[in-house]
Amino acid sequence: MLKWLEKNLPKIVMAPAVGLIGWFVYGFVLWTLYISFTNSKILPKYELWGVGQYVKLWGSRKWLIAVDNLLIFTALFLIFCVVIGIILAIFLDQKIRAEGVLRTIYLYPMALSFIVTGTAWKWILNPTLGIQKMFIDWGFENFTFDWLVNREMAIYTIVIAGVWQSAGFVMALFLAGLRSVEDEIVKAAKIDGANLFTVYWKILLPMMRPVFFTSFVILVHISIKSYDLIVALTQGGPGISTTMPALYMTQTAFHKSQVGLSAASAMMMFMAVAAVIIPYLYSELRRENAR
Amino acid sequence: MQDKTYSSYKQLEQKSKYTNMFLRWFLYFVLVIFALYFIFPLYVMVVTSLKTMEEIRQGTLLTWPSGLNFDSWLVAWGGRGYGAGDTFLKPYFWNSIKMVVPAVFFSTFIGAMAGYVLTKWRFKGDKWVFLFLLFGCFIPYQAILLPMARTLGVLGISNSVIGLVLVHTVYGIPFTTLFFRNFYVSIPSELVKAARIDGAGFFKIFFKILLPVSTPIIVVTIIWQFTQIWNDFLFGSTFSFGEAAPIQVALNNMVLSSTSVKEYNVDMASAIIAGIPTLIVYVLAGKYFIRGLTSGAVKG
């Protein structure tokens with residue numbers, strides 16, 4: 001008995017982690033999947049109902065707006081975060097004085113919650129006393145900036161706040177990537193007459209492919225899950241113009257009591273994330289095996 | 001003749017020096033502009049929280065406050081004292097502390113053990129077990145909200161700090177395991193093998209050999225978990241309301257409550273109070289914070 005215990009101790013110690021994740025992640029996802037095929041309203045029903053919820057979901061105007069917003073947000077969020085992140089990383093890589101201070105400033109938003117920063121941006125972007133008033137007081141009398149309360153433009157305020165929060169993160173990833181490149185490569189290129197621009201454009205950035213890939217995965221993942229920022233900034237408004245899938249899911253579940261429908265929307269999000277993450281994990285694992 | 005080439009070379013050198021200087025200035029200019037863009041919201045928050053509503057209406061976002069006026073901070077923290085309907089952050093701040101401390105402790109401990117087994121007591125299929133846990137880092141939590149709400153209800157801990165401790169512990173495990181596993185992989189297994197031959201047991205090896213060198217990764221993990229759990233809004237707002245809510249939920253409720261006039265100064269003071277703990281940790285231990293951030297993203 002004691003011998004058995006000793007031999008299996010590592011597995012016993014491992015058991016809580018595996019058990020908890022097995023139950024609370026995999027078990028729960030399967031439960032949600034099952035419920036998405038039922039006609040559950042306030043309380044879950046366990047009678048299978050087919051794909052009715054998915055049909056309903058993709059016929060819902062609000063969901064289509066949410067998906068549309070997600071695509072717009074993801075595209076802009078990705079582009080701006082990566083461009084700003086790369087510029088900052090390359091510039092910081094030029095033996096800059098006060099690099100530590102600048103880096104700290106670029107990255108501090110990552111330490112704050114989206115609720116905190118959303119509250120700040122909401123105040124800054126509000127049309128009555130925020131940025132608009134600042135410019136009018138400076139003498140630009142016809143200056144208007146009402147994106148926050150404008151149905152067409154409100155989604156872009158979420159992009160502004162989201163990029164502000166996450167661009168520093170991309171900078172950190174690229175800076176770490178650039179620093180890991182051997183100095184010799186850069187020196188050799190310079191001796192061959194390449195200027196700094198060519199060195200980065202032709203040599204270093206192409207070497208950063210894994211970093212691009214990682215940033216892409218992380219940023220898409222953040223954007224599919226984005227919820228807090230929208231709650232703090234617009235609550236999905238004006239109207240339903242800034243609804244995103246995560247907000248749709250919780251509203252449908254907890255305000256409208258459409259448990260089956262919200263489970264279907266949750267599964268759509270799950271599949272979107274899986275489509276990005278599984279290839280990523282696969283390639284990471286292969287790289288590790290190759291070492 | 002030689003003189004001439006020399007002087008033209010000199011000229012060329014001078015010229016490239018100028019372009020170089022121009023480039024340097026351009027570099028610093030861009031970096032500072034971005035720094036201002038990043039610092040702007042924080043500046044506005046602090047300045048606004050120190051103004052009276054009268055000053056806010058008269059000035060602009062950037063206007064310097066007339067004095068150090070901490071009234072709105074006091075209101076945000078302790079309320080106005082008129083009883084019902086007076087929401088302020090103090091009780092929720094403590095809720096968050098009561099939630100964060102045990103959740104960070106349990107998730108870190110479980111992750112350390114899992115990382116230890118996965119690297120130093122390898123068994124058949126351990127790679128799959130790691131992948132099994134790792135996937136938990138990435139699932140969108142919307143896919144587990146509904147069953148979690150029911151489970152907490154069945155256990156009788158919905159709308160309580162204990163419930164949130166459980167939720168944060170469980171969903172922290174994939175991250176903590178990842179951190180410890182990647183750290184312990186880099187520690188030579190020969191040490192462990194030698195200790196095993198000497199007859200040291202499972203726990204003795206952990207406490208005598210691995211734990212003493214684990215300080216950096218423990219710091220990284222604690223900071224990561226602290227930041228994540230303190231800043232969480234999704235779980236907090238879904239599984240708790242009213243008195244058991246953590247601070248981010250309370251902050252959001254305070255800002256959204258549309259009673260009477262909007263008090264931006266109190267809103268900003270509240271936001272700063274909710275953000276200050278993680279901000280302090282970031283300033284003091286930024287190095288470890290960044291390590292967590294990048295290794296949470298890039299494994300190995």
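Helices (H or I, at least four residues) and strands (E, at least two) are DSSP runs, numbered from the N terminus. One loop set by these runs lies between helix H11 (228–233) and H12 of chain A, and Gln235(A) is found there.

The model is predicted: local features need pLDDT of at least 70, side-chain atom pairs count only at pLDDT 80 or more, and totals for chains, interfaces and linings use all residues. Residues are numbered from 1 along each chain as its sequence is written, while chains are lettered from A and ligands numbered from 1 in the order in which they are written.

**Positive phi in chain A**

Most residues other than glycine have a negative phi. The table lists residues of chain A with a positive value.

| Residue | Phi | Place |
|---|---|---|
| Lys95(A) | near 50 degrees | loop between helix H3 (61–92) and helix H4 (99–107) |
| Gln235(A) | about 50 degrees | loop between helix H11 (228–233) and H12 |
| Ser257(A) | near 55 degrees | follows H12(A) |

A residue is buried if 20 or more other C-beta atoms, placed from the backbone, lie within 10 Å of its own, exposed if 12 or fewer, and partly exposed in between. Lys95(A) has 6 such atoms within 10 Å, so Lys95(A) is exposed. Gln235(A) has 15 C-beta neighbours inside 10 Å and therefore counts as partly exposed.

Helix H12(A) spans residues 245–255. Of its 11 residues, 8 are buried, so H12(A) is largely enclosed by the rest of the structure. Among the buried ones are Leu247(A), Tyr248(A) and Met249(A).

**Helix H10 of chain B**

H10(B) covers residues 215–231. Its 17 residues reach 24 Å from first C-alpha to last, close to the expected 24 Å (1.5 Å times one less than the number of residues). H10(B) is mostly covered, with 12 of its 17 residues buried. These include Trp224(B), Phe226(B) and Trp230(B).

H10(B) packs against helix H4(B) (residues 90–120) at about 140 degrees, with the axes 9 Å apart. The two are therefore oblique (not under 35 degrees, over 145, or 65 to 115). Residues in contact have C-beta atoms, placed from the backbone, within 7 Å. H4(B) supplies Ser96(B) and Met99(B), among others, and H10(B) supplies residues including Ile218(B) and Phe226(B).

**Where the chains meet**

The contact takes 70 residues from chain B and 79 residues from chain A. On the chain B side, helix H1(B) (residues 2–49) gives the most, with 11 residues.

Note on methods: Two residues are in contact if their C-beta atoms, placed from the backbone, lie within 7 Å. Axes are lines fitted to C-alpha atoms, for helices over the stretch in contact, and angles run from 0 to 180 degrees between N-to-C directions.
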